[in-house]
Amino acid sequence: MRASIHPPYGPVVFRDRAADYAFLTRSTLAATAGERTIEWEDGRTYPVVDVEISDVSHPFYTGTARVLDTAGRVERFERRYGKRGGS
């Protein structure tokens, strides 16, 4: 790899503020995290990136997602405005 074209890649902590959950991983965002840091469980200090949502708080992964009843909507539309006959 050429050294001058790739962003620095290092450890960074992503913190989900909604669920009070954090995980340590590697990312190119480590260099752009700025001055915000957090002390991790291993005693080291890492840059931290706050995220709005993660797999811990996302409705799809938590099982609280709502399923839209599209068939019911179509039937309600047909009842309200009548079925269009094909000719």
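**Exercise 1. Placing Val13 in the fold**

In which strand does Val13 lie? Work out the order of elements around this residue, and then decide whether Val13 is buried or exposed.

*Solution.* The structure is a predicted model, and the solutions below should be read with that in mind. Begin with the inventory: the protein has two helices and four strands, and from the N terminus on these elements run β-β-β-β-α-α. Next, locate the residue: Val13 lies in strand S1. Then turn to accessibility, where the cut-off for a buried residue is under 20% relative accessible area. Because its relative accessibility is 0%, Val13 counts as buried. For context, 17% of the 87 residues of the protein count as buried. Finally, consider a partner remote along the chain: Val13 and Trp40 are 27 residues apart in sequence, and their C-alpha atoms are separated by 8.3 Å.

**Exercise 2. The salt bridges around Asp50**

How many salt bridges does the structure hold? Identify the partners of Asp50, and state which parts of the chain each pair ties together.

*Solution.* As a general starting point, side chains of opposite charge can pair when their charged atoms come close. The structure holds two salt bridges. Take the pair with Arg15 to begin with: Asp50 forms a salt bridge with Arg15, and the closest N and O atoms of this pair are 2.7 Å apart. Since Asp50 lies in strand S4 (residues 45-51) and Arg15 in strand S1, the pair ties together parts that are 35 residues apart in sequence. Now take the pair with Arg36: here the closest N and O atoms of Arg36 and Asp50 are 3.3 Å apart, and the two residues form a salt bridge. Arg36 is placed in the loop between S2 and strand S3 (37-39), whereas Asp50 is in strand S4, so this pair ties together parts that are 14 residues apart in sequence. Combining the steps, salt bridges that share partners join Arg15, Arg36 and Asp50 into one network. As for accessibility, Asp50 is partly exposed, with a relative accessible area of 30%, and Arg36 also counts as partly exposed, at 40% relative accessibility.

**Exercise 3. A buried acid without a salt bridge**

Which side chain of opposite charge is nearest to Asp16, and how far away is it? Then find a backbone atom that the side chain of Asp16 approaches.

*Solution.* Asp16 is found in strand S1 (residues 10-16). Asp16 is buried yet has no salt bridge, and the nearest side chain of opposite charge, that of Arg17, is 7.8 Å away. To see why this distance does not qualify, compare it with the cut-off, which asks for a side-chain nitrogen of Lys or Arg within 4 Å of a carboxyl oxygen of Asp or Glu. The last step is to look at the backbone, where a polar atom of the Asp16 side chain lies 3.1 Å from the backbone nitrogen of Ala18.

**Exercise 4. Two further side chains that reach the backbone**

Which backbone nitrogen does the side chain of Ser27 reach, and which backbone nitrogen lies 3.0 Å from a polar atom of the side chain of Asp42? Add the setting of both residues.

*Solution.* Ser27 has its place in strand S2 (residues 21-27), and because its relative accessibility is 11%, Ser27 counts as buried. The side chain of Ser27 reaches the backbone nitrogen of Leu29 at 3.0 Å. Asp42, for its part, lies in the loop between S3 and S4, and at 43% relative accessibility Asp42 counts as partly exposed. The backbone nitrogen found 3.0 Å from a polar atom of the Asp42 side chain is that of Arg44.

**Exercise 5. A backbone angle and a charged patch**

What sign does the phi of Asp20 have, and which residues gather in the patch of positive charge on the surface?

*Solution.* Asp20 is found in the loop between S1 and S2, and although it is not a glycine, Asp20 has a positive phi of about 55°. At 73% relative accessibility, Asp20 counts as exposed. Turning to the patch, the residues that gather there are Arg73, Arg76, Arg79 and Arg80. One of them, Arg79, is found in helix H2 (residues 70-81), and at 64% relative accessibility Arg79 counts as exposed.

Methods. Residues are numbered from 1 along each chain as its sequence is written. This is a predicted model: local features need pLDDT of at least 70, side-chain atom pairs count only at pLDDT 80 or more; totals for chains, interfaces and linings use all residues. Side-chain values use heavy atoms; hydrogens and water are left out. Patches are made of residues with over 30% relative accessible area and no salt bridge: like charges are joined within 9 Å, nonpolar side chains (Val, Leu, Ile, Met, Phe, Trp, Tyr) within 5 Å. Accessible areas come from the Shrake-Rupley method with a 1.4 Å probe; for residues, only the protein chains shown count as cover. Lys and Arg count as positive and Asp and Glu as negative; His and the chain ends are not counted. The place of a charge is taken as NZ of Lys, CZ of Arg, CG of Asp or CD of Glu. Buried means under 20% relative accessible area, exposed over 50%, partly exposed in between (1.4 Å probe, protein chains only). A polar contact is a pair of N or O atoms within 3.5 Å; within protein, one must be able to donate a hydrogen and the other to accept it, and residues adjacent in sequence count only if both atoms are side-chain atoms.
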